[in-house]
Structures are given as structure tokens and as C-alpha cells.
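Trainee: Could we go through this structure step by step, with the reasoning spelled out?

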Amino acid sequence: MNFDLTDEQRMIRDTARDFAAREIAPKASEIDKGSRWPAEIVKRLAELGFLGMAIPEEYGGGGLDTLSYAIAMEEISAACASSGVIMSVNNSLFCDPVYKFGTDAQKKEILTPVASGQKLGCFGLTEPMSGSDAQTMVTVAEKDGDSWVINGAKNWITNGPHADFILLFAVTEKAANGKVKHTAFVIPEGTPGFTKNARDHKLGIHGAHSCTVFFENCRVPASAVVGNVGEGFKVAMATLDGGRIGIASQALGIAKAALTSATAYAKERKSFGVPIAQHQAIQFMLADMATELDAARLLTWRAASLKDKGARHTMESAQAKLYASEASTRIAHKCLQIHGGYGYSTEFPAERHYRDARITEIYEGTSEIQRIVIAANLLKA
Ligand code: CAA
């Protein structure tokens, strides 16, 4: 696989890097400490075309490839992991499936404003009692004449408090043998019976607000169905194949920021009469961090380029997400260690990277779920 970036990919990287350094990084600590939704950054991401990067231009997107998206996600997340996941959810978990499975009308009326960033999307799969085992969801949609009536709740909905649309998954058929079928729906904010609670309080990614959403006799038209009735679980799984590339890229960004700040600190801080970077104990940590970061990036870019080729990338996305998220946590851990006591202080970004990295091992499928997916693909041949 050739990962020489094209001129366009280099331009995307430089644009994202420059924007992140000038407009996001100076605010990242304040966003984190105040748990502030970065509305002005979301607006700028929209202006740069970063909220629907791989969606064709006719539907408001950037018409770019997945590798460009992964590269931009890494740069934005290196500055602020909260901004990274806001971007990732809109791109991977809303725009991608609506483009892939939506009707022409959904693409014109819903995808176009979301991909261009005038509106924001979110993804409703997880429920209070159904996370890793996603098929056990209990939210139901019952057919009533020409419409569907939805009842249930979804939680940890990233972007939920600010989103204009949710891509929702509900049970639409239960066979006598207990087998269930699911269907995906796209539902606008403000639909009667669709409500949200206050935002969640989390260990990290404080600027990326999430919440629980509720559906109580929420009536939606048949035109809200995305894809085929009864095939919603496949829509969710195929969406997560792409989403995991986004989260792997977010993990890369956090890890890159941790390595950069650890390297700079190690050159400045002195102990035993020399900068600590001259101690082999520190050098070995930096060497491991750099090596794991490069390995994670190669896995992530491989998954992205397979997606760009239209090839099945379920296993490769899971491998990228598994390795990049766990490497990111290890790298952020070492970054904090290199900073010593200052790493434990909120005056330095090391503790934010440490908290932010941790979620990448959990959302869009825990590390345990990625291992299940990888093993299932390995053993099925
Ligand atoms: N693409 C297309 N179809 C797929 C697929 C894929 N990648 N994976 C599975 N399917 C299909 C299967 O072919 C199967 O189809 P048939 O019924 O026709 O045979 C069907 O889906 C069911 O597949 P499985 O039997 O493999 O399903 P399972 O119940 O064993 O579950 C699982 C598989 C991988 C564990 C899945 O439940 C899973 O991914 N769980 C984790 C959920 C998750 O990642 N949630 C994240 C929420 S979003 C989020 O986190 C966003 C955020 O905050 C930022």
C-alpha cells in the first residue's frame, strides 16, 4: 500500500494543521475546563468543509476521500479531542449512512444541510441496557397506517444536545423464535414526542456534549426510514465500520499531541544536571511512543484506503480502532509520567490527553468488541 499523500491530501493536512494550531489549540484547555460546547469551532469546521468531507459536493460535502478525512481528524483531535469527535460523529455516523442508504429526498433535504455544516447530526444506537450487545435494544417502532410510532430511549448520544437530526435504530419486528429485526430512521429535532435530557458529565472530552434522548409515542412518516425496513442493524454495523476509522484517527491525534508535549518537556526539564531527554529511561519511553503512534497510523490509513477502494474493511477498521485507542492511552500515560508532578496538574495538557484518550477504547465499540469482530473475521474463512 502506498501512503505517499497526494497534493490534495497534503493540502487538507496543512489546512487542518494550521487551523487547529491557530484557532483550536489556544482554546482547548478552556473548552475542557469549562465543559464548553465549541460552537465557534463547529462553525469554522463547517466553513472549511470538514463536517461532510467524504460526501459528494452535490450533497453539500467536500467530495474528498476517507484518507483525507482521517488525516484531518488527526490534526483537529491533536488540538482538541472534543472538537474531533463532534466532527467524527457528523461525518461518519450521520452523513455517511444517510448518503449510503438514504433516499434521494433524504439526501437533498437532510444530508445536504448536515454535510455542509448548517445543521448537525447524531447517531442513536446505544441504550441504557444495551451497549456492546447492540441487537438487544428495546426501543421499538410500530407501524400505524402510513407512519411509525417510536417508544424508547437512547443514551450517550454524542452531539445529542445540539443536533438537528438523529439517525435512530429501533426494533420493528419480533419473530416468535425471539429473533428481532431493526430499522433505521432519521428524525428531526422538534418532532413531537422526541425529547432530550440534560447533558452527561464525563471523565474527558468535556466539550463534546452527549445526552440521553427519549421517544414517547413519537410519530414519524414512512419517509423517515433509512435503508430497508428490517435491515437497520446492517446499516448500524456498516456505519460503525467507517466510524471506527474516525475514532482511530481521533486517538492518533491525542497520541500525537501527547508525544509532542512530552518531547518538548523532556528537552527543557532538567534533572541530575542534564535535560531529562538525555536519560535513557525517558528516551526509551519517547521511542516507544513514536513507534506505537506510527504503527497506529499505518493501520488507520490502511482501513481508510480500503474504504476508499470500496472493499470490505470491517476487520481492518476494528484493528485500527483497537490498536490506535490502546496505543493512545499508553502514549498519554507515558506523556504524563515524563511530566512527573506537573503532568498531574491541570496547568499542563498531559492530564487532558490522558482523560481524553481513555474514551477511544470505549465508544464506537469497546476494545473487547473490536477483538470479537477481528476474531470472527479471522475465523470465518
Ligand atoms: N457490515 C454489514 N453487516 C454486518 C456487519 C458489518 N460490519 N457486521 C454484522 N453484520 C450483519 C451480519 O451479517 C448479520 O446479518 P444476518 O442476520 O443477515 O446474518 C447481522 O448483521 C448480525 O450480525 P452478528 O450476528 O455478527 O451480530 P451480533 O449480535 O453478534 O453483534 C457486534 C455483533 C459486533 C458485537 C455488534 O453488536 C457491535 O458492533 N457492538 C458494539 C456496538 C457499538 O459499537 N456501539 C457504538 C455506539 S455509537 C457510539 O459510540 C458513538 C459515540 O459515542 C461517538
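**Cysteines and helices**

Trainee: How many disulfides does a search of the whole structure find?
Mentor: This is a predicted model, and a disulfide would need a pair of cysteine sulfur atoms within 2.5 Å. For C95, the nearest cysteine sulfur is that of C122, which lies 12 Å away, and for C335 the nearest is that of C80, 16 Å away. Neither C95 nor C335 is in a disulfide, and the search of the whole structure gives a total of zero.

Trainee: Is C95 buried or exposed?
Mentor: The cut-off for buried is under 20% relative accessible area. Because C95 has a relative accessibility of 0%, C95 counts as buried.

Trainee: How are helix α6 and helix α8 oriented as they pack?
Mentor: Helix α6, residues 232-268, packs against helix α8, residues 314-339, with the axes 8 Å apart and at an angle of about 20 degrees. Angles under 35 degrees count as roughly parallel, so α6 is, relative to α8, roughly parallel.

Trainee: Which handedness does the crossing of α6 and α8 have?
Mentor: By class, the contact of α6 with α8 holds 17 nonpolar, six polar and three charged residues. As for the handedness of the crossing of these two helices, α6 and α8, it is left-handed.

Trainee: Which residue with a positive phi follows α5?
Mentor: Helix α5 spans residues 104-115, and its buried residues include I110, L111 and V114. Among the elements that cover the buried residues of α5 are α4, β1 and β4. After α5 comes a residue whose phi is positive, near 85 degrees, and that residue is G117.

Notes: Residues numbered from 1 in each chain as written. Predicted model: local features only at pLDDT ≥ 70, side-chain atom pairs only at ≥ 80, totals over all residues. Heavy atoms only, no water. Axes fitted to C-alpha atoms, helices over the stretch in contact; angles between N-to-C directions. Helix = DSSP H or I, 4+ residues; strand = E, 2+ residues; numbered from the N terminus. Parallel < 35°, antiparallel > 145°, perpendicular 65-115°, else oblique. Left-handed = near helix turned anticlockwise from the far one by under 90°. Nonpolar A, V, L, I, M, F, W, Y, C, P; charged D, E, K, R; others polar. Buried < 20%, exposed > 50% of the residue type's maximum accessible area, 1.4 Å probe, protein only. Contact = heavy atoms within 4.5 Å.
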